[in-house]
Amino acid sequence: MSRRLNLELELPYDVVAGLQDEDLTSKAKEALVMELLREHRVSQGKAAAILGLNRADLFPLMTRYKVAVIDLTDAELREELNRPLPTD
């Protein structure tokens with residue numbers, strides 16, 4: 001289930017003038033979803049679904065917004081690296 005939100009932004013005229021050819025709604029949605037992902041409020045799968053992307057297409061977007069694709073603490077990373085590989 002989803003819910004529609006309407007946001008209103010006030011921007012300086014010179015900024016708006018430079019954005020006339022861009023889809024500001026999708027740009028704002030993209031930025032919000034990337035911030036929610038950075039804050040761990042949505043998963044990568046959920047972020048991709050919200051933006052209508054597959055996860056492979058999400059990774060370049062995450063890179064552009066400087067959102068870590070792998071976000072582990074040092075201890076979590078060490079644990080993952082020391083875990084044996086599956087034999088199946």
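This briefing sets out the salt bridges, nonpolar groupings, selected polar residues and backbone features of the structure shown above. The model is predicted. It holds five salt bridges, and its largest nonpolar core comprises 10 residues. Helix 2, helix 3 and helix 4 each contribute at least two residues to that core. A nonpolar patch is also present on the surface, formed by Val69, Ile70, Leu72, Leu77 and Leu81.

**Salt bridges**

- Glu35 pairs with Arg38 in a salt bridge whose closest N and O atoms are 2.9 Å apart. Both residues belong to helix 2 (residues 24-38), where a spacing of three residues corresponds to about one turn of the helix.
- Neither partner of this pair falls in the buried class: Glu35 is partly exposed at 31% relative accessibility, and Arg38 is partly exposed at 33%.
- Arg41 forms a salt bridge with Glu39, with 3.4 Å between the closest N and O atoms. Arg41 counts as exposed because its relative accessibility is 60%, above the 50% cut-off. Glu39, at 38%, counts as partly exposed.
- Arg83 and Glu80 are joined through their side chains by a salt bridge of 2.9 Å, N to O. Shared partners extend this pairing into one network of Glu79, Glu80 and Arg83.
- Within that network, Arg83 is partly exposed with a relative accessibility of 42%, and Glu80 is partly exposed with 41%.

**Nonpolar core**

- The largest nonpolar core is made up of Val33, Met34, Leu37, Val42, Ala47, Ala48, Leu58, Leu61, Met62 and Val67. At least two of its residues come from each of helix 2, helix 3 (44-51) and helix 4 (55-64).
- Ala47, one of the core residues, touches Val33, Leu37, Val42 and Leu58 when residues up to four places away in sequence are not counted.

**Nonpolar surface patch**

- Val69, Ile70, Leu72, Leu77 and Leu81 together present about 470 Å² of accessible area in a nonpolar surface patch.
- Ile70, a member of this patch, is located in the loop between helix 4 and helix 5 (74-82). Ile70 counts as exposed, since its relative accessibility is 65% and the exposed class begins over 50%.

**Buried polar residues in helices 2 and 3**

- Glu30 is situated in helix 2. With 17% relative accessibility, Glu30 counts as buried because the value is under 20%.
- The side chain of Glu30 makes a polar contact of 2.7 Å with the side chain of Tyr65. Beyond its neighbours within four places in sequence, Glu30 is in contact with Leu51, Leu61, Arg64 and Tyr65.
- Leu61, one of these contacts of Glu30, is also listed in the largest nonpolar core.
- Gln44 is found in helix 3 and is likewise buried, having a relative accessible area of 15%.
- Apart from residues up to four places away in sequence, Gln44 touches Leu37, Arg55, Leu58, Phe59, Met62, Ala68 and Val69. Among them, Leu37, Leu58 and Met62 are residues of the largest nonpolar core, while Val69 is part of the nonpolar surface patch.

**Loops and backbone geometry**

- Most residues other than glycine have a negative phi.
- His40 departs from that pattern: it is not a glycine, yet its phi is positive at about 65°. His40 is placed in the loop between helix 2 and helix 3 and counts as exposed at 54% relative accessibility.
- Lys66 is another residue other than glycine with a positive phi, in this case near 60°. Lys66 lies in the loop between helix 4 and helix 5 and, at 70% relative accessibility, counts as exposed.
- Lys66 and Arg38 are separated by 28 residues in sequence and by 8.8 Å in space, C-alpha to C-alpha. Arg38 is the helix 2 residue that forms a salt bridge with Glu35.

Notes. Residues are numbered from 1 along each chain as its sequence is written. This is a predicted model: local features need pLDDT of at least 70, side-chain atom pairs count only at pLDDT 80 or more; totals for chains, interfaces and linings use all residues. Side-chain values use heavy atoms; hydrogens and water are left out. A salt bridge is a side-chain nitrogen of Lys or Arg within 4 Å of a carboxyl oxygen of Asp or Glu. Helices (H or I, at least four residues) and strands (E, at least two) are DSSP runs, numbered from the N terminus. Buried means under 20% relative accessible area, exposed over 50%, partly exposed in between (1.4 Å probe, protein chains only). A nonpolar core is a set of buried Ala, Val, Leu, Ile, Met, Phe, Trp, Tyr and Cys residues joined through side-chain atoms within 4.5 Å. Contact means heavy atoms within 4.5 Å. Patches are made of residues with over 30% relative accessible area and no salt bridge: like charges are joined within 9 Å, nonpolar side chains (Val, Leu, Ile, Met, Phe, Trp, Tyr) within 5 Å. Accessible areas come from the Shrake-Rupley method with a 1.4 Å probe; for residues, only the protein chains shown count as cover. A polar contact is a pair of N or O atoms within 3.5 Å; within protein, one must be able to donate a hydrogen and the other to accept it, and residues adjacent in sequence count only if both atoms are side-chain atoms.
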